[in-house]
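The following exercises are to be worked with the sequence and the coordinates at hand. Each task is followed by a solution in steps.

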Amino acid sequence: MALFGYVSRTQPYLAVGRDVPVGAQITAADLVTVHLNPDPGIGGVPGDRTDQVIGKYASVALLSGTLLNANALVDKPFPAPGEQVVGVSLKAGQMPSAPLRPGASVLLVSTEESTQDKPAAAAPTIRATVVHVIAGARDGTATVSVAVRESDGPVVARLAAQGRLVLTLTSGS
């Protein structure tokens with residue numbers, strides 16, 4: 001009778017060693033190395049990339065004990081001086097069907113309503129940068145965090161609360 005054993009080859013991945021708040025700069029003390037069996041479904045950061053992670057900023061809250069995901073990190077602090085980060089809940093048709101990625105340049109277009117007394121003026125637009133995206137559960141919705149000029153933050157927040165924004169993807173120019 002032959003016994004066959006399965007020998008797995010674990011690989012090192014970076015995990016979060018302590019809670020890291022949104023916007024905090026990543027330090028070596030925030031990271032630990034864990035050993036896992038490689039799997040195509042694991043989107044973790046390989047353990048040998050510590051130097052590429054230290055100094056980046058958390059774009060979402062990182063919880064202790066979770067596997068570090070490169071999509072949760074950005075190169076620049078945010079909000080940067082003179083900026084605000086605003087969450088915008090969008091439905092299908094209010095944003096492109098192409099995936100939105102952190103760092104993407106977008107234009108927020110107000111969908112101001114016209115009345116019978118006055119026609120709609122040119123739609124106000126606000127330049128923004130995508131900070132984080134949370135896709136809805138198969139319904140085409142998404143919550144998109146965008147960085148805007150500090151003076152535009154309250155306007156974007158008001159229009160977003162009223163559901164009167166459309167997000168367009170731009171070339172960044």
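The model is predicted.

**Exercise 1. Determine which strand gives the most to the lining of the largest pocket, and describe that lining by class.**

Step 1. Begin with the space itself: the largest pocket holds about 350 Å³.

Step 2. List the lining. It comprises 15 residues, and those nearest the centre of the pocket are Val-74, Lys-76, Gly-103, Thr-129 and Val-130.

Step 3. Assign the lining to elements. Strand E4 (73-74) and strand E7 (125-135) each contribute at least two residues. The most comes from E7, with 3 residues.

Step 4. Sort by class. The lining has 9 nonpolar, 4 charged and 2 polar residues.

**Exercise 2. Identify the residues that line the second largest pocket and give their classes.**

Step 1. The second largest pocket encloses about 270 Å³ of space.

Step 2. Follow the lining along the chain. Asn-69, Asn-71 and Ala-72 are part of it, as are Pro-99, Leu-100, Arg-101 and Pro-102. His-132, Val-133 and Ala-135 complete the list.

Step 3. Classify these residues: 6 are nonpolar, 3 polar and 1 charged.

**Exercise 3. Locate the largest nonpolar core and state which element gives the most to it.**

Step 1. Recall the general expectation: in soluble globular proteins, nonpolar side chains tend to be buried together.

Step 2. The largest nonpolar core has 20 residues, and the most contacts inside it belong to Leu-108, Val-144, Val-146, Val-148, Val-156 and Leu-167.

Step 3. At least two residues of this core come from each of strand E5 (83-90), strand E6 (105-110), E7, strand E8 (142-149), helix H2 (153-161) and strand E9 (165-169). E8 gives the most, with 4 residues.

Step 4. Take Val-144 as an example. Leaving aside residues up to four places away in sequence, Val-144 touches Val-86, Gly-87, Val-88, Leu-90, Leu-100, Val-130, His-132, Val-133 and Leu-167.

Step 5. A second core, separate and of 13 residues, includes Val-16, Leu-31, Val-60 and Ala-72.

**Exercise 4. Establish how the buried residues of H2 are arranged about its axis, and what covers them.**

Step 1. The buried residues of H2 are Gly-153, Val-156, Leu-159 and Ala-160.

Step 2. Viewed down the helix axis, these residues fall within an arc of 135°, so they line one face of H2. The general geometry is relevant here: an α-helix has 3.6 residues a turn, so residues three or four places apart point the same way.

Step 3. Examine the face turned away from the buried side, where the exposed residues Pro-154 and Ala-161 are carried.

Step 4. The cover over the buried residues of H2 includes E5, E6, E7, E8 and E9.

Step 5. After the helix comes Gly-163, with a positive phi near 70°.

**Exercise 5. For Gly-23 and Arg-49, decide whether each is buried or partly exposed.**

Step 1. Gly-23 lies in the loop between strand E1 (11-16) and strand E2 (31-36).

Step 2. Apply the cut-off. Buried means under 20% relative accessible area; Gly-23 has 19% and is therefore buried.

Step 3. Gly-23 and Lys-76 are 53 residues apart in sequence, with 9.1 Å between their C-alpha atoms.

Step 4. Arg-49 is found in the loop between E2 and helix H1 (50-53). Its relative accessible area is 38%, so Arg-49 is partly exposed.

Step 5. Between the C-alpha atoms of Arg-49 and Tyr-13, the separation is 8.8 Å, although the two residues are 36 residues apart along the chain.

Key:
Residues numbered from 1 in each chain as written. Predicted model: local features only at pLDDT ≥ 70, side-chain atom pairs only at ≥ 80, totals over all residues. Heavy atoms only, no water. 1 Å grid on protein atoms, 1.4 Å probe; cavity = no way out; pocket = protein on both sides within 12 Å on 5 of 7 lines; lining within 4 Å. Points joined across faces, edges and corners; volume = space filled by probe spheres on them. Nonpolar A, V, L, I, M, F, W, Y, C, P; charged D, E, K, R; others polar. Core = buried A, V, L, I, M, F, W, Y, C linked by side-chain atoms within 4.5 Å. Buried < 20%, exposed > 50% of the residue type's maximum accessible area, 1.4 Å probe, protein only. Contact = heavy atoms within 4.5 Å. Arc of directions from axis to C-beta.
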